[in-house]
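Student: I'd like a close look at one small part of this model, and then at how that part fits into the rest. Could you take me through it?

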Amino acid sequence: MAKIHVTTTVNGEPTEFLCTATQTMLDVLRDVLGLTGAKEGCGSGDCGACSIIVDDRLVCGCLMLGAEAEGRRILTIEGMAEGDKLHPLQQKFVELAALQCGVCTPGVLIAAKALLDRNPDPTETEVRFGLAGNLCRCTGYDKIVRAVLEAAAEQKEIAR
Amino acid sequence: MSEHRYKWVGTRQNRPDGADKVTGRARFAADFNLPGELVGQVLRSPHAHAVIKSIDVSRAAALPGVKAIVTGADFPEQPDQVVPAGEMQVNLRDVTRNIMAKEKALYEGHAVAAVAATTADIAKKALALIEVEYEKLPHVIDVREAMAEDAPILHPQMRTEGVTPTPSKASNIAKRLEFTKGDAAAGFVKADFVIEREFTTQPVHQGYIEPHAALASASEDGQVQLWTTTQGHFQVRGFCCRLLELETSQLRVTPSEIGGGFGGKTVVYLEPVAIRLSQKAGRPVKMVMSREEVFRASGPTSGGHVQVKLGATRDGRIVAADVTVALQAGAFPGSPVGPSCMCSLACYDIENIRVVGFDVVSNRPKVAAYRAPGAPISAWAVESTVDLVALELGMDPIELRLKNAAKKGTKTHYGPTFGVIGMVETLEAAKASAHYRSKVKPGHARGVAAGFWFNIGADSSAAAHVGEDGTVTIISGSPDIGGSRASLAMMAAEELGIDYDKVRPIVADTASIGFSFVTGGSRVTFATGLAVINATRDMIHQLKLRAAKLWEVDVDGVVWQDGEARPSSTNVGEFEPLSLAKLAASASRTGGPINGHAQLNAQGAGPGFGVHIVDLKVDADTGIVTIDRYTAVQDVGTAIHPSYVEGQLQGGAAQGIGWALNEEYIYDARGKLQNAGFLDYRMPVASDLPMIETLLVEVPNPSHPYGVRGVGEVPIVPPMAAIGNAIARATGVRMVDLPMSPPRLSAALDAASPRLAAE
Ligand code: FES
Ligand code: FES
């Protein structure tokens, strides 16, 4: 099967890759580009471990084809920190113990970023619904929700 | 929480692996790759029960790109011998059959063959070319049906253990056990009233988000390396060596970061298969389960059937208890029926007890441990019945439990007498909590339940190394599943009197540290923690020897304080204190590198108790339960890192809420699992839950220098009954079958008021 040539931007870097017509974006990231931060928890759009942001939209990497990345801007967990500085959400997650095993964390952080980009001052309920596509089996979500709320509050404080 | 005298213990430090885990840098099993690796995939039985008459792999083997194929014949026969697997027991004869079927496929999803190929597409095509001739047999899924006289028999050689005389006929009942204390029959005579009910639970999956994955590389000289996601890489080494007839020194297992386990990653599935494929192909082989395979072929925990009979006096003393627990083991014997029986009544001091258990096989995947294995199933039944006693007496449910609570000196029905335990303190804390003292909102109801888990100790090794600059590495063999690196480093920093960030904890592979039992049974902070403390103390002793040498004094003249060696008194002499950095710099002159080691079999793991309180409301039309407020109270010994202790309570409670309200394995008439995916196997999501409040009761464990008790398992025990008890108080309907899902609950509500339902 002839491969498809794709030109895209991944974490700000102009990127080219070859993929088959059936390869998912998640597989391209993990197997072709060596970006293993996004995880496959289900491969069916039900767990959010593969979350990425495509042109400002939260997407399940496992439900998108690699070929669909053509001309888009992709953000993965590897692109979330700025240089050697963690993103405020990442920092809060570490400080508030919002992860246990950490396998859901890349997806949760990307979903939380997508939420805060859209709604910088969410209520607890909005955070809960904003993250409802991300399964975490370890934490019971309590500390995750708190970390997102605190990161949002802190950002608001800084913006002021 | 108690005022602590410690610098690090009891504080909330950033975990050492935090940055890696929030940036995607941390490597989980599926993130490992090797040059030239092949993709391994498994062919699974489509039938619930079938004889494997033949397997023809010739067409698959001829497919270009296929490098190796294995079937049951590639794994040597194993003795009929029981060995520990995490907190459970497994039989080697069965383990080899579970990883690859031999004579029969015993459940839908049972592995029957595996291939290694250059690409996933080729591997998949090859699986389709393997021809398996099956002879379908009648199957049995339900535990009660499996116990019936005329049930289809899974293992013709199986005779029920624990009954005399040994039965002559094969049965699906692998084992019967019985525990007694006092005289149950006589006890019931003394009771003013007796309440008796039957309860059921469905199998539920551990639901770790990271599927099983393994990467094996076998070399021509017989050496093998394996990277895998596991709660116990030494256990993986042990199993693989047994199953593949390797020597322990031939196999080196490196644990990846582990994306959740909850007991389900204490056994092997892919690992021996990947190794065998790699040996045959002469190339590395990577295998990753799909979510569907995880559901169909790994875990879950047992479903069960529990009968409870409690006798009490009018003044609120439970005087007699009779409990019968029948648990599904899956296709091979070895359900957690033992712990289920033992935990069932452990919260209470009851004079007369009889508990009977049955371990029952049926055509389902072999169960694996799941957080406090077995305990939630019997607790669901017992704690619901205790609530019925409270309602009958018109007594506050915490008051009733206080009246009957186990305490120091209580003799359990399974043998041991309790030492220092915190059941009473936990109940008192629950009673005094803001949640319990608050008024129940209109339209809501409140439920309470308690839970117990032993916690375990077992084998651990640890080492402590001083770097050339005086920083410290702590090496353990316990995979970090929920922040244990942080608590181990905190205890080492506390011992050394140095800053937490000068201590770096790592989890070493099987060749780099001595044997350590699995991360499970809530043992790591306790047992591996003890090993780390002892290794650190061993190192401190070395440091004192070095200082004594430099000062030319007796070692007794040196004390270790705040990270430096000091003379114990002015009598010893006037010496400038020697810091870790200074001692490290002069190490070559004083005897070489400075390290400490410890290995132990930890005794005295303190048992844990929990009490959960839930406020909820029930939508009478839909049967949907909304949890409004939830509090988990638990005796945690000493919380080394309170955030991760709270996290254990919150995570366990959330899993219990899922078990109570939604999660279940659903089979069709052909014995096929109908909901092998996260869409239909519904685990709680963020929008299903409120904040989970926690109250840490600290009753220090006298067998640990900092008073640590295991905390991870207790919190999954109380939620089901707490929720059922609240639902009963909200609706007047006592649910006895889990899950209390909307269809089931609304049917029960309709049945309770048929007239209303008809309208
Ligand atoms: S892997 Fe994409 S949603 Fe689960
Ligand atoms: S931290 Fe383990 S799944 Fe979320």
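Student: Which residue of β4(A) stands opposite A:V54?

Tutor: Happy to: the residue opposite A:V54 in β4(A) is A:R57. Before we build outwards, note that this is a predicted model, in which local features need pLDDT of at least 70 and side-chain atom pairs count only at pLDDT 80 or more, while totals for chains, interfaces and linings use all residues. Residues are numbered from 1 along each chain as its sequence is written, chains are lettered from A and ligands numbered from 1 in the order in which they are written, and side-chain values use heavy atoms, leaving out hydrogens and water.

Strand β4(A) covers residues 57-60, and over 4 bridges β3(A) pairs with this strand in the antiparallel sense. (Strands are DSSP runs of E with at least two residues, helices are runs of H or I with at least four, and both are numbered from the N terminus; two strands pair if DSSP finds at least two bridges between them.) The hairpin they form has 2 residues between the strands, and A:D55 takes a positive phi near 50° there.

Now step back to the domains of chain A, whose bounds come from an automatic or database domain assignment. Domain 1 of chain A is 4-79 and domain 2 is 88-159. Their contact (heavy atoms within 4.5 Å) takes 13 residues from domain 1 of chain A and 12 residues from domain 2 of chain A. The centres of these two domains, taken over C-alpha atoms, are separated by 22 Å. Together the two domains bury about 980 Å², with 71% of it on carbon and sulfur atoms; buried area is the accessible area (1.4 Å probe) that two parts lose on being put together, summed over both. Our strand β3(A), residues 51-54, returns here: its 3 residues are the largest share of the side of domain 1 of chain A that touches domain 2 of chain A. By class, that side of domain 1 of chain A has 7 nonpolar, 4 polar and 2 charged residues. (Ala, Val, Leu, Ile, Met, Phe, Trp, Tyr, Cys and Pro count as nonpolar, Asp, Glu, Lys and Arg as charged, and the others, Gly among them, as polar.) The rule finds 0 salt bridges across this interface of domain 1 and domain 2 of chain A, a salt bridge being a side-chain nitrogen of Lys or Arg within 4 Å of a carboxyl oxygen of Asp or Glu.

Chain A also meets chain B: 42 residues of chain A are in contact with 50 residues of chain B. Between them the two chains bury about 3800 Å², and carbon and sulfur atoms carry 59% of it. On the chain B side, B:V22, B:I209 and B:M691 supply 20% of the area buried against chain A, more than any other three residues. Salt bridges between chain B and chain A number 4. In one between B:D31 and A:K39, the closest N and O atoms are 2.4 Å apart. Elements giving two or more residues to the side of chain B that touches chain A are α1 (18-22) and α19 (642-661) of chain B. Of these, α19(B) gives the largest share, 9 residues. By class, that side of chain B divides into 25 nonpolar, 18 polar and 7 charged residues.
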